[in-house]
Amino acid sequence: MDPAAPVPGPEAKAEVAGTPAPPALSPPARAPRYGALGRSGAFAGGGRSGLVWYVFVGPAFLLLLLFVGYPTFETFRQSLYEQVGTRQKFAGLTQYTQLVHGGDLWHALWNTALLGFAYLVIVIPLAVVLASLLNKVRHGSAPLKVIYFLPQLTSSVAVAIIFNYVFEPDWGLLNGTLHRFHITSTPLWLADPRLGFTGSRAAVTVLAVWAGLGYFMLIVLAGLQSIPVDLYEAAAMDGANPILIWRAITLPSLRPTFVFLIVTGAFDAMSRFGDLWTLGGPGGSPAGSLQSIVVFLFQTGFESGNMNRAAAVAVILFCLMLFVTFASFKTVLASEFGGRRRAR
Amino acid sequence: MSAVGWIRRSRRRTSFVSQLAIVGVLSIGALVMLLPFAWMIGTSLSRQADIAMPRLPRLWPPDPSFFNYSVALQNLPLVRYYTNSLIVVGASTAGYLLFSALTGYAFAKGRFRGRQILFVAFLMTLIIPFETRMIPLYLLMKDIHLNDSLPALIVPFLVGGFGTFLMRQYISTIPDDLIQAARVDGASEFLIFFRIVLPLCMPALAALAVLNILWRWNDVLWPLLVISDPNKYTVTLGLAFEGHSQGTYTGVALATATIAIVPVLIVFVILQRRIISGITMGGVKG
């Protein structure tokens, strides 16, 4: 789009028609001054028609309609159909009822919730402890920060490839280190589908904590540094001990940080795919123990080829995420307006 | 002498021992974080690792050589994967930044009919997870004959509600007077956008670029759906497919992983200040 091209507005039309515009609408002095630069453009911010703004927004909006709006609508529509022979036939809620009555959806949802819960319960306290320590370091905290953050910059696929070897039962880094300490009965890790502290779910939780810790630490650190120093100095002058200070000042001040981390962590857990797919494939092997909801969605649509069933899974996932969004909004709003206001 | 000053001084006095303890604990943690990387690189340099892995892990092989790397580069078109990834990440990030800035400017400083409702429409896309729309998106790519091509990895990600929102928030802080003055001087909105607004937005654009590069580089779900031709694999997709197929040759497999991971890590370490501030600013995971 040529920036200098005049954008046709009501006035331009009047001129094309050959009738000079009345002075009140278009003072004659203005036309020669702005001439080629485009009048409506020059004054669009000031309350004129402002058609130039549609050039700014229009292409992006069309892309959004095509690649976000249309597919989202289609997901909902396709979830109400079924494939009969070569054509699509309206099926009402059949896909949903079959999903709800089958066990696979529940298995995937249970796995997703379990893995997400275990991950957050470990990573958040660990990040708070390490970030509190990092916050106290006076010199040389930058390299430490980078090291903790490194796995975060590695793709989930690459992390999974590394940990596939770390958890190798015979010679992997973890079991090999245990051998070094003369522990002979080492766990099978990724090859063991059972629920427990030495099975495949525990292994992928360790992997996720290793990969995500740096991000959580970074956010907690930012939260810690936003607590005003005077609060601590006032408490120290009143003779409060460090544990009391931590409980009475640090933890309450970090509340918004915790809400943020739990919400983003929950979203991450719900859309977890790359590492689980790399380690367990579409079936979430061993024995489906690594099948999250997105892996199940992928398996339904692209391995079993049932796009309509997969669309129904996608709608269910969407509703769950929407629920988390609204629940977190409510929590955030309640903490902002319900309780006492926090110094930030 | 003030009480606050006394607290600060007493803190300094007790600090040396506690500093040592704190840095010690954090360093042990940092070693644990680095160990998998170090072990991967060490094993990738070992020819013995392809025959039998030592039962006790070692960080440095007895027979260091780059043999596994030459095998890895012969087995897989890793250079090709890197080229594809760079094209996809570069093109999609350039487009994403341009469209985010254009729409952000319009929503922050423009006055036009439907501004509110259009902005809400952009924001609404934030609550639609990609997994929800990927199946029809895949079918759409097939219909417009873009599947199995690099543009399929680029065009769906040119516009996003997050970029528009971030840029609108940032551009709102630019004083109106600056823009108004340019308008009075006769500058068109496009001239103002490219000459005044964009240069002022560099910190926000850098943050957005960091996030988008991480998202696109690390994405595997979408490439997995639309790409089947091995010549079009990105680094991440190639690693996901081929990381296992070298499985019996552990040394070669880990050399492949090292080639896929380490150059990217080096770039990120060089840019770490930018990246860390970008991620904190966006408040969004990479």
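**Notebook: a predicted two-chain model**

I began at His145(B), which is exposed, with a relative accessible area of 68%. The model is predicted. I looked up the backbone at this residue next. Phi of His145(B) is near 55 degrees, a positive value in a residue other than glycine. I placed His145(B) in the loop between helix 5 and helix 6 (151-154) of chain B. The positive phi comes just after helix 5 of chain B. For background, I noted that most residues other than glycine have a negative phi.

**Entry: helix 5 of chain B**

I then went back along the chain to helix 5 itself. Helix 5 of chain B covers residues 130-143, 14 residues in all. From first C-alpha to last I read 19 Å, close to the 20 Å expected at 1.5 Å a residue. Where is the kink in this helix centred? I found it centred on Pro136(B), with an angle of about 35 degrees.

I checked burial along the helix. In helix 5 of chain B, 11 of the 14 residues are buried, so the helix is largely enclosed by the rest of the structure. Pro136(B) is itself among the buried residues. The buried list also includes charged residues, Glu131(B) and Arg133(B). Phe130(B), Met134(B), Leu137(B), Tyr138(B) and Met141(B) are on that list too.

**Entry: Trp222(B) and the core**

Which residues does Trp222(B) touch, leaving out those up to four places away in sequence? From helix 5 I wrote down Phe130(B), Met134(B), Leu137(B), Tyr138(B) and Met141(B). The rest of the list is Ala152(B), Leu153(B), Pro156(B) and Phe157(B). I recalled that an α-helix has 3.6 residues a turn, so residues three or four places apart point the same way.

Trp222(B) led me to the largest nonpolar core, which has 185 residues. Trp222(B) is one of the residues with the most contacts inside this core. The others named from chain B are Tyr105(B) and Val197(B). From chain A I have Phe56(A), Phe216(A) and Phe273(A). Helix 10 of chain A (residues 200-225) gives the most to this core, with 16 residues.

**Entry: between the chains**

How many residues of each chain are in contact with the other? I got 98 residues of chain A and 98 residues of chain B. The area buried between the two chains is about 9,100 Å². Carbon and sulfur atoms give 77% of that area. On the chain A side, Trp53(A), Phe56(A) and Phe67(A) lose the most area to chain B. Together these three make up 9% of what that side buries. Phe56(A) had already come up in the core entry.

I looked for salt bridges between chain A and chain B and counted 0.

**Entry: salt bridges elsewhere**

Searching the whole structure, I found 8 salt bridges over all chains. I opened three of them.

- Glu82(A) pairs with Lys89(A), the closest N and O atoms being 3.7 Å apart. Glu82(A) counts as partly exposed at 25% relative accessibility. Lys89(A) is partly exposed at 35%.
- Asp192(A) pairs with Arg194(A), with closest N and O atoms 3.1 Å apart. Asp192(A) counts as buried at 8% relative accessibility. Arg194(A) is exposed, at 59%.
- Asp219(B) pairs with Arg216(B), again in a salt bridge, with closest N and O atoms 3.1 Å apart. Both Asp219(B) and Arg216(B) are buried.

**Entry: helix 13 of chain B**

I checked another bent helix. Helix 13 of chain B runs over residues 250-270 and has 21 residues. Its C-alpha span is 30 Å, close to the 30 Å expected at 1.5 Å a residue. At which residue does helix 13 bend? The bend is at Thr258(B), by about 30 degrees. The helix is mostly covered, with 15 of its 21 residues buried.

**Entry: a loop in chain A**

Last, I turned to the loop between helix 14 (274-280) and helix 15 (293-303) of chain A, where Pro286(A) is placed. Is the peptide bond from Ser285(A) to Pro286(A) cis or trans? I read it as cis, with omega near 5 degrees. Ala287(A) lies in this loop as well. Its phi is positive, about 50 degrees, although Ala287(A) is not a glycine. Ala287(A) is exposed, with a relative accessible area of 66%. As a reminder to myself, most peptide bonds are trans.

Methods: Residues numbered from 1 in each chain as written. Chains lettered and ligands numbered in written order. Predicted model: local features only at pLDDT ≥ 70, side-chain atom pairs only at ≥ 80, totals over all residues. Heavy atoms only, no water. Helix = DSSP H or I, 4+ residues; strand = E, 2+ residues; numbered from the N terminus. Expected span 1.5 Å × (residues − 1). Bend = angle between axes of the 7 residues up to and from the residue. Buried < 20%, exposed > 50% of the residue type's maximum accessible area, 1.4 Å probe, protein only. Core = buried A, V, L, I, M, F, W, Y, C linked by side-chain atoms within 4.5 Å. Contact = heavy atoms within 4.5 Å. Buried area = accessible area lost by both parts, 1.4 Å probe. Salt bridge = Lys/Arg side-chain N within 4 Å of Asp/Glu carboxyl O.
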